[in-house]
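Here are some worked exercises on how chains meet and how a chain is put together. Try each task before you read its solution.

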Number of protein chains: 4
Amino acid sequence: MKEWLTLKRNVRFGDVDAAGVIHFHNLFRWSHEAWEESLEIFGISSHDIFPALSQNSEILNVALPIINCRANFFMPITIGEVLQLTIEPEKIDSYGFQVLIKYCRGKDIVAHSILRHMAIDSTTRKRCLLPESIELWLESSLVGGPIKPL
Amino acid sequence: MKEWLTLKRNVRFGDVDAAGVIHFHNLFRWSHEAWEESLEIFGISSHDIFPALSQNSEILNVALPIINCRANFFMPITIGEVLQLTIEPEKIDSYGFQVLIKYCRGKDIVAHSILRHMAIDSTTRKRCLLPESIELWLESSLVGGPIKPL
Amino acid sequence: MKEWLTLKRNVRFGDVDAAGVIHFHNLFRWSHEAWEESLEIFGISSHDIFPALSQNSEILNVALPIINCRANFFMPITIGEVLQLTIEPEKIDSYGFQVLIKYCRGKDIVAHSILRHMAIDSTTRKRCLLPESIELWLESSLVGGPIKPL
Amino acid sequence: MKEWLTLKRNVRFGDVDAAGVIHFHNLFRWSHEAWEESLEIFGISSHDIFPALSQNSEILNVALPIINCRANFFMPITIGEVLQLTIEPEKIDSYGFQVLIKYCRGKDIVAHSILRHMAIDSTTRKRCLLPESIELWLESSLVGGPIKPL
């Protein structure tokens, strides 16, 4: 398995609510952070993807807002667990992609989430082509690796 | 419109990320809080629904975990806006219900979310009947009021 | 009491952790939001103080980062409570101010927090004079009202 | 340096606000999670310290609420940085301790935080002796190791 698509997550005290299980929306925080970690391990600098405050950073032309997201919870997630994450990116078209993350405890899938992003021009806020680095990450993440040209 | 189904929400500085729009998962925090506010205005005490730490509070027999949730973002949501929320609850079966929330700015729907809850026995964690107070809230929230038997 | 200095806050399910009391850092979120609400009621637009994404909004010259903050917790804060907030702003010097917030349940102070802000030039990030609107809010918030010149 | 007292933290997109720097209260979330990670590396199970929902977990007799916390921000913290954390625990008396965390970027301290905990009996909510495992972690964390009796 590609090392940028298999991560882990420790469930911390602050993730859990008074019912003793993960407070549901923290799963989305985890999912976004897992996506960021995946890009980082793959070799994409956060400064190429996310707006940043730095004298050296250029203004980014493309933003990648989430236009749709969902999550399913199958089993309780409680403090002290270490979950294994499997990331399955999928290109939707030239303008968008989604990231499916499966959260597992041993052989059980305890939850999964899907975040769907669209590329937009930062100035006009019209949709635009995905950045090349994201295209490369998507292609390289396909099971079996990127399709080779003949 | 029933007063417990139409709320409002101010977009605060901490809700927004470096891209200048709502950081997506905050919408789920808003949605859960709106559901709680709706129950409160309707007249259901939080202590009847949510586990609490209090010498006077009984242990709750029923928990209402979220088993599925999703959100769609249609237009950017930025700081300083006051959004109008419309809450549309729907009973799924004797064991579950969902809450659809539409977030509007004037006539525009800028986002919506759906949280789906299942009733479970707090001890066995098996599904069980919805609490009566939730049944009443669901029934009373139907557009046009509860359907009368002939 | 001035209406922009006395607010209230409902403790929601997501604010509380598995120990059944407020997860401590949520108090800081409340405090920042209370400060924003105070400015709003006083009549200062969030767009004059906080960076925003809007074609109509000017780039702000001054930022007001928090350089120091603290909180004390005196009694447990649990779900379903409605806390009364008293806001006590204080000017430190021409470049900074702090906001003390007391959280009360009836006659008991259950917690308080202090957020200390410094004005900086957004571009150079050197300290600079407080914005006039903040000066006015600070002066008008003094107990007994602003001191009049002779 | 003891390995349970030197951690690191990646600054993620969701940690940062529209001003482009860490939204201040996230530092407290980091600090609590760093404390949890330190205990874990040291060898203390989260189930011995934090309330959990599990059929195997005993009800904990002792809770360790935060009674006071503070933070100082010295330099902007922005997305994509990897900060080095140094944890300096200190026993206050038989009933309490504090955890100072310094956040560094190379040789610069960019922020620090202090969380002060008090041990209380979970049922009576009166203060009580610190758990033995915490005593051991505190003692072992002293620079140069625990002071030996003559």
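A polar contact is a pair of N or O atoms within 3.5 Å; within protein, one must be able to donate a hydrogen and the other to accept it, and residues adjacent in sequence count only if both atoms are side-chain atoms. The model is predicted, so local features need pLDDT of at least 70 and side-chain atom pairs count only at pLDDT 80 or more, while totals for chains, interfaces and linings use all residues. Residues are numbered from 1 along each chain as its sequence is written, chains are lettered from A and ligands numbered from 1 in the order in which they are written, and side-chain values use heavy atoms, with hydrogens and water left out.

**Exercise 1. Work out what holds chain C against chain B, polar pairs first.**

Step 1. Across the interface of chain C and chain B there are 6 residue pairs in polar contact, with both residues at pLDDT 80 or more.

Step 2. Helix α1 (residues 26–42) of chain C is the top contributor to the side of chain C that touches chain B, giving 6 residues. Helices here are DSSP runs of H or I with at least four residues, strands are runs of E with at least two, and both are numbered from the N terminus.

Step 3. Sort that side of chain C by class: 8 nonpolar, 8 polar and 7 charged residues. Ala, Val, Leu, Ile, Met, Phe, Trp, Tyr, Cys and Pro count as nonpolar, Asp, Glu, Lys and Arg as charged, and the others, Gly among them, as polar.

Step 4. Now look for salt bridges (a side-chain nitrogen of Lys or Arg within 4 Å of a carboxyl oxygen of Asp or Glu). The rule finds 2 between chain C and chain B. Arg12(B) pairs with Glu40(C) in a salt bridge, with the closest N and O atoms 3.0 Å apart.

Step 5. Finish with the area. Chain C and chain B bury about 1900 Å², and carbon and sulfur atoms give 54% of it. Buried area is the accessible area (1.4 Å probe) that two parts lose on being put together, summed over both.

**Exercise 2. Do the same for chain A and chain B, and find the strands that pair.**

Step 1. In contact (heavy atoms within 4.5 Å) are 21 residues from chain A and 21 residues from chain B.

Step 2. About 1800 Å² is buried between chain A and chain B, 65% of it on carbon and sulfur atoms. Phe24(A), His25(A) and Cys69(A) supply 27% of the area that chain A buries against chain B, more than any other three residues.

Step 3. Salt bridges come to 0 across this interface, but 8 residue pairs are in polar contact, both residues at pLDDT 80 or more. On the side of chain A that touches chain B, α1 (26–42) and β3 (66–73) of chain A are the elements that give two or more residues. The largest share, 8 residues, is from β3(A).

Step 4. Strands pair if DSSP finds at least two bridges between them. Here 5 bridges join β3(A) to β3 (residues 66–73) of chain B, and the two run antiparallel. Arg70(A) sits opposite Arg70(B) in β3(B).

**Exercise 3. Which residues of α2 (residues 132–141) of chain D are buried?**

Step 1. Apply the cut-offs: buried is under 20% relative accessible area, exposed over 50%, partly exposed in between (1.4 Å probe, protein chains only).

Step 2. Ile134(D), Trp137(D), Leu138(D), Ser140(D) and Ser141(D) are buried.

Step 3. Find their partners: the buried residues of α2(D) pack against α1 (26–42), β4 (82–93) and β5 (96–105) of chain D.
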